[in-house]
Amino acid sequence: MPTKKKEDKKIKPVKAVKKPTVVKAKPVKVVKSVKVAKFVKRPNKPEVKKEVGVDEERNSSPWKPLRGMRDILPKQEKYWQTLYDNAKAMATYFHFGRIETPILEEAKLFLRTLGKNTDIVSKEMYVFEQQEESGKICLRPEATASVMRAYIANGLWNQSQPVKMWYWGPMFRHDRPQAGRYRQFYQVGYEIIGANDPIMDAELILVAYNFYKDLGLPVTIQINSIGLPEERERYANELVSYYRTKRSYLCESCRQRLIKNPLRLLDCKEDQCQPIKDGAPQILDWLTESSKSYFMKVLEYLDDLEVPYVLQPNLVRGLDYYTHTVFEVFPALENDDDKNLQQLSQIALGGGGRYDLLGKEMAGRETPASGMALGVDRSIMVLKEYAKNHEIKISEPKMDIFFAQLGERAKGQALKLINNLKQSGLKIGFNLYKNSLKTQLESANAMAVPYALILGQKEMQDGTIIIRDMESGIQEIVDQKKIEVLIKKRLSSL
Ligand code: AMP
């Protein structure tokens with residue numbers, strides 16, 4: 001429970017420790033607070049505000065999806081599949097077991113744990129009355145509380161600790177839709193529950209960093225420590241005193257935050273509040289020695305791992321359950337030649353932190369934990385933009401051969417032969433709905449396959465098939481039974 005200001009005397013050294021002692025000098029770029037004398041209006045921050053609907057394009061059909069929701073069409077699959085494969089590869093390598101929790105949960109799970117003054121709880125949750133049972137239910141707005149609920153409900157305390165789990169799935173927040181912000185969006189998350197060690201935080205940040213590095217997107221980590229609730233309480237008091245003197249310059253939301261949730265003052269994006277925010281006291285100065293030393297260790301690990309990070313004193317993550325380390329992942333594109341990409345460097349791709357008190361709050365038992373979630377939709381949006389003039393690693397399904405057919409009867413036999421080759425491992429392109437050989441060979445060309453198989457009426461009768469070399473146009477008639485062997489031989493000699 002938060003301590004009152006009067007009782008803080010014992011932990012007074014807090015204020016005495018200077019900022020630089022927290023930060024290891026070498027690769028750390030401390031974001032300095034700039035004291036701005038006059039509260040002038042700053043130029044607008046670049047923000048992508050385009051609203052998006054079906055597969056990122058507005059759709060005028062009466063059957064369009066709900067606002068802020070969208071259909072993800074097959075042509076997007078290569079991105080979704082690549083990210084999923086990458087997420088799974090991280091999980092396998094770092095030993096996270098897959099957890100799937102329900103999309104519907106009791107509303108109180110989030111109301112009690114995220115904090116009633118957070119945006120998610122106060123205005124973004126989809127909450128429903130149940131018909132037969134009492135108690136409200138909701139579409140999950142995030143999954144950390146669900147994973148902790150599952151850990152408690154399934155007695156995962158009894159397993160070897162910590163328990164490492166990952167998830168991938170849709171989350172729902174009734175937010176104002178715009179590019180990169182949807183009402184249904186996907187997150188991939190990694191949680192480590194049941195241990196209290198700064199290496200856990202470093203490992204999670206490393207997983208987030210690797211996730212993007214392996215895709216070819218440069219990212220940087222913004223990091224801060226928000227200590228324990230009593231430290232935060234003392235800091236919040238200081239913040240309120242500072243902001244009160246500048247109340248008349250604040251935006252309407254910040255005036256509310258000043259009363260309801262002072263730490264959220266640091267999240268404000270309004271131009272008029274930026275200079276005030278820049279001059280605000282910094283939470284690191286209000287942490288106890290032990291919290292600082294915990295944070296130092298996380299930073300030292302990151303230095304050793306050569307994960308690029310920036311200390312961000314304004315980062316608080318806004319949810320009640322966080323303690324100590326908090327971080328967010330941003331594209332490192334501020335120095336890119338392309339102006340559009342520079343703008344994307346302000347879009348948070350993911351975030352996380354330590355949440356030592358969530359388990360205790362829910363089950364009355366010490367359950368230290370740390371976790372993070374990466375936004376899949378937003379990551380894909382940024383990757384696609386980045387891919388316009390940079391190389392990224394998106395795996396597209398590549399066909400080995402194309403199977404063309406001529407004539408109605410040949411269609412049936414073609415489908416049968418394609419099906420017989422299912423176990424061969426060959427990836428076969430085909431289009432049985434086109435009758436023209438020319439059109440089918442054009443498809444084969446578009447797929448850039450080296451060989452096409454052609455089955456016509458004559459081959460049907462003879463039990464043969466034509467192998468066509470797509471580059472030279474040379475064709476050879478072979479026995480249908482030998483397709484697999486012959487094609488594999490040719491492919492291996494390419
Ligand atoms: P949060 O824990 O709220 O910071 O969310 C983690 C990540 O999920 C963010 O950095 C975003 O990439 C993604 N995310 C959060 N809210 C949305 C949203 N409404 N639409 C799309 N992505 C989101």
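**Entry 1. The ligand shell**

How many nonpolar, polar and charged residues does the shell around the ligand have, by class? I looked this up first, in what is a predicted model. I found 5 nonpolar, 5 polar and 6 charged residues in the shell.

I then listed the residues that surround the ligand and found 16. The closest are Phe185, Ala348, Gly351, Gly375 and Arg378. I also asked which elements supply at least two residues each to this shell. They include two strands, β7 (184-193) and β11 (350-354). Strand β12 (369-375) and helix α13 (376-387) do so as well.

**Entry 2. Overall figures and confidence**

I noted 17 helices and 17 strands in the protein chain. Of its 494 residues, 35% count as buried. I checked the contacts between residues at least 6 apart in sequence, and 70% of them join residues at least 24 apart.

The average pLDDT of the protein chain is 88, and 88% of the residues score at least 70. I marked residues 1-54 separately, as pLDDT stays under 50 there. For this stretch the model has 85 contacts beyond four places in sequence.

**Entry 3. Nonpolar cores**

In soluble globular proteins, nonpolar side chains tend to be buried together. I therefore looked up the largest nonpolar core, and it has 94 residues. Ile205, Ala208 and Leu374 have the most contacts inside this core. Helix α6 (residues 198-215) gives the largest share of the core, 11 residues.

I followed Ile205 further. Leaving aside neighbours within four places in sequence, Ile205 is in contact with Ile221, Leu302, Val307 and Phe327. Another core, of 16 residues, lies apart from the largest one; among its members are Ile401, Ala410, Phe430 and Ile454.

**Entry 4. Helix α7**

I compared the length of helix α7 (residues 229-244) with expectation. Its 16 residues should span 22 Å at 1.5 Å a residue, and the end C-alpha atoms are 22 Å apart, so the two agree.

Which residues of α7 are buried? I recorded Glu231, Arg232, Arg234, Tyr235, Leu239 and Tyr243. The cover over these buried residues includes α8 (252-260), α9 (274-278) and α10 (289-305).

**Entry 5. Leu83 in helix α2**

I located Leu83 in helix α2 (residues 77-93). Leu83 counts as buried because 22 C-beta neighbours lie inside 10 Å, where 20 or more suffice. Not counting residues up to four places away in sequence, Leu83 touches Val376, Ser379 and Ile380. I also checked Leu83 against Ile394: they are 311 residues apart along the chain, and their C-alpha atoms are separated by 8.4 Å.

**Entry 6. Backbone geometry**

Most residues other than glycine have a negative phi, and most peptide bonds are trans. I looked for departures from both patterns.

I found a cis peptide bond between Gln161 and Pro162, with omega at about -5 degrees. Pro162 is placed in the loop between α5 (144-153) and β6 (163-172).

Glu306 is not a glycine, yet its phi is positive, at about 55 degrees. I placed Glu306 in the loop between α10 and β9 (309-311). Glu306 counts as exposed because it has 9 C-beta neighbours inside 10 Å.

His324, also not a glycine, has a positive phi of about 55 degrees. His324 sits in strand β10 (residues 323-331). Is His324 buried or exposed? I found 24 C-beta neighbours inside 10 Å, so His324 counts as buried.

**Entry 7. Two glutamates**

Glu361 lies in helix α12 (residues 358-363). With 15 C-beta neighbours inside 10 Å, Glu361 counts as partly exposed. I compared Glu361 with Arg112: 249 residues separate them in sequence, and they are 8.7 Å apart in space, C-alpha to C-alpha.

Glu385 belongs to helix α13, one of the elements that supply the ligand shell. I counted 19 C-beta neighbours inside 10 Å for Glu385, which therefore counts as partly exposed; 20 or more would make a residue buried. Neighbours within four places in sequence left aside, Glu385 is in contact with Asn340, Leu341 and Leu344. The C-alpha atoms of Glu385 and Leu344 are separated by 8.8 Å, and the two residues are 41 apart along the chain.

Conventions. Residues numbered from 1 in each chain as written. Predicted model: local features only at pLDDT ≥ 70, side-chain atom pairs only at ≥ 80, totals over all residues. Near = placed C-beta within 6 Å. Helix = DSSP H or I, 4+ residues; strand = E, 2+ residues; numbered from the N terminus. Nonpolar A, V, L, I, M, F, W, Y, C, P; charged D, E, K, R; others polar. Core = buried A, V, L, I, M, F, W, Y, C linked by C-beta atoms within 7 Å. Buried ≥ 20, exposed ≤ 12 C-beta atoms within 10 Å, placed from the backbone. Contact = placed C-beta atoms within 7 Å. Expected span 1.5 Å × (residues − 1). pLDDT = per-residue confidence, 0-100.
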